[in-house]
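Open the model in your viewer and keep the sequence panel in sight. Each stop below gives a selection and then says what is there.

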Amino acid sequence: MTGLLENKVLLVTGGSRGIGKAIALRCAEVGAKVILTWVSHEESAMDVVHEIHLKNGSAMAIQADVRNEDDVKQVMNEIKKEHGKIDILVNNAGIMKNNLLLMTKTEEFDLLVATNCKGPFLFSRAAAKLMLKQKSGRIINISSVVGVYGSKGQSVYSGTKSFIIGFTKSLAKELGPLGITVNAIAPGFIDTDLIMDVKDEIRRDLLSNIPLGRIGNSDDIAKAVIFLASDLSSYINGQVLGVDGGQVI
Ligand code: NDP
């Protein structure tokens, strides 16, 4: 895979931990110039940058809340100043909150929608402006298997991940003619901080439904991102790639 993303400028939101961190590290290993954002874990973000620099890669970290339009503008301005272009946007930053409908507070709904839906909207709009000038680009959105199939106790979180799928397909139609592909990845159960609170019995139950017999890791998703970001996928547009060990077939 060496060189698959040579000199490509790649922005990954939420690159300080979990899946976003793996995307930043693995894409840098195959040549991408990485910009990663974080919101609260500065030290983790700086560790990722340091790790990339140690391997002679290119990386910078910017604090930016995906819910905040001014932060998004600032990120794009810094990318323009530093690199003059953006080739790949990975809308990864996200939060999960689980609750039955009747227990779900309006504030929880607002927070999930602002982070998981408004964030990708703001970043896609800003990145597309630059990509249009280049007449090329890749947008990769991180959805979830629950966005495709639903999940009891996760109606709002699932809903935000379903939004990502409709958004991806619509953007693929809108931006495809302009040289930009837009695809989504639907991860299954991936071992990160996000699922830290999932109870052992639920883990065991989920595991029994995964034909590959293991929970996924962040690198499983990063490898799919490299595929969708590289020339290997140049004729793939508007697709949702399940990366879930066969959890949902
Ligand atoms: P983590 O909780 O491990 O990491 C979340 C990342 O998002 C962190 O880098 C965090 O930054 C960032 N982030 C959170 N809120 C904001 C915000 N308001 N603005 C900017 N950045 C923010 O999550 P995962 O790595 O597990 O999840 C990444 C994506 O994958 C999410 O979209 C999630 O929904 C999706 N996903 C995850 C699955 C799983 O099983 N783990 C399954 C399916 C989908 P900071 O470190 O600064 O807090």
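## Stop 1: N7, ahead of the first strand

Select N7, in the segment before β1. The model is a predicted one, so read every value here as computed from its coordinates. N7 has a relative accessible area of 45%, which makes the residue partly exposed. Now check its backbone. Phi of N7 is positive, about 60°, although the residue is not a glycine. Most residues other than glycine have a negative phi.

## Stop 2: K135, another positive phi

Jump to K135. Its place is the loop between α4 (106-134) and β5. Phi of K135 is near 60°, again a positive value in a residue other than glycine. Is K135 buried or exposed? K135 is exposed, because its relative accessibility of 62% is over the 50% cut-off.

Keep K135 selected and add I180. The two C-alpha atoms are 7.0 Å apart, with these positions 45 residues apart along the chain.

## Stop 3: I180, at the start of β6

I180 lies in strand β6, which covers residues 180-187. The relative accessible area of I180 is 0%, so I180 is buried. Show its contacts, leaving out residues up to four places away in sequence. What does I180 touch? The list is A128, M131, L132, S136, G137, R138, I139, L175 and N237.

## Stop 4: the largest nonpolar core

Zoom out a little, then select L10, V34, V90 and I185. The largest nonpolar core has 34 residues, and these four touch the most other members. Colour the elements that feed this core. Each of the following supplies at least two of its residues:

- strands β1 (9-12), β2 (33-38), β4 (88-91) and β5 (137-142)
- helices α1 (18-29), α2 (42-54) and α8 (218-229)

In soluble globular proteins, nonpolar side chains tend to be buried together.

Centre on I185 next. Beyond its neighbours within four places in sequence, I185 is in contact with I140, N141, I142, S143 and S144, among others. Further along the sequence, its partners include I221, A224, V225 and L228. L241 and V243 are also in contact with I185.

A second core sits separate from this one and has 28 residues. Among them are V66, A127, L130 and L171. Give these four another colour.

## Stop 5: V75, inside α3

Select helix α3, residues 69-83, and pick out V75 within it. V75 counts as buried because its relative accessibility is 0%. Which residues does V75 touch, apart from those up to four places away in sequence? They are L11, T37, I62, A64 and F123. Draw a distance from V75 to L11. Their C-alpha atoms are 9.3 Å apart, across 64 residues of sequence.

## Stop 6: S158 and G150

Move to helix α6, residues 155-175, where S158 has its place. S158 is buried, because its 5% relative accessibility is under the 20% cut-off. Not counting residues up to four places away, S158 touches V146, G147, G150 and S151.

Follow that contact to G150. This glycine is in the loop between α5 (145-149) and α6. G150 is partly exposed, because its relative accessibility of 39% falls between the two cut-offs. Outside its neighbours within four places in sequence, G150 is in contact with V145 and S158. Add S218 for a distance check. The C-alpha atoms of G150 and S218 are 22 Å apart, and the two residues are 68 apart along the chain.

## Last stop: the whole chain

Clear the selection and show the cartoon. How many helices and strands are there in the chain? There are eight helices and seven strands. The C-alpha trace spans about 50 × 40 × 35 Å along its principal axes.

The radius of gyration is 17 Å, which agrees with the value near 18 Å for a compact globule of 249 residues. Buried residues make up 49% of the chain. For contacts with a separation of 6 or more, residues 24 or more positions apart account for 74%.

Switch on the surface. The chain exposes about 12,300 Å², and carbon and sulfur atoms supply 52% of that area. Finally, colour by charge. There are 28 positive and 27 negative charges, and their mean positions are 6 Å apart.

Conventions: Residues are numbered from 1 along each chain as its sequence is written. This is a predicted model: local features need pLDDT of at least 70, side-chain atom pairs count only at pLDDT 80 or more; totals for chains, interfaces and linings use all residues. Side-chain values use heavy atoms; hydrogens and water are left out. Helices (H or I, at least four residues) and strands (E, at least two) are DSSP runs, numbered from the N terminus. The radius of gyration is taken over C-alpha atoms; the globule rule is 2.2 Å times the number of residues to the power 0.38. Buried means under 20% relative accessible area, exposed over 50%, partly exposed in between (1.4 Å probe, protein chains only). Contact means heavy atoms within 4.5 Å. Accessible areas come from the Shrake-Rupley method with a 1.4 Å probe; for residues, only the protein chains shown count as cover. Lys and Arg count as positive and Asp and Glu as negative; His and the chain ends are not counted. The place of a charge is taken as NZ of Lys, CZ of Arg, CG of Asp or CD of Glu. A nonpolar core is a set of buried Ala, Val, Leu, Ile, Met, Phe, Trp, Tyr and Cys residues joined through side-chain atoms within 4.5 Å.
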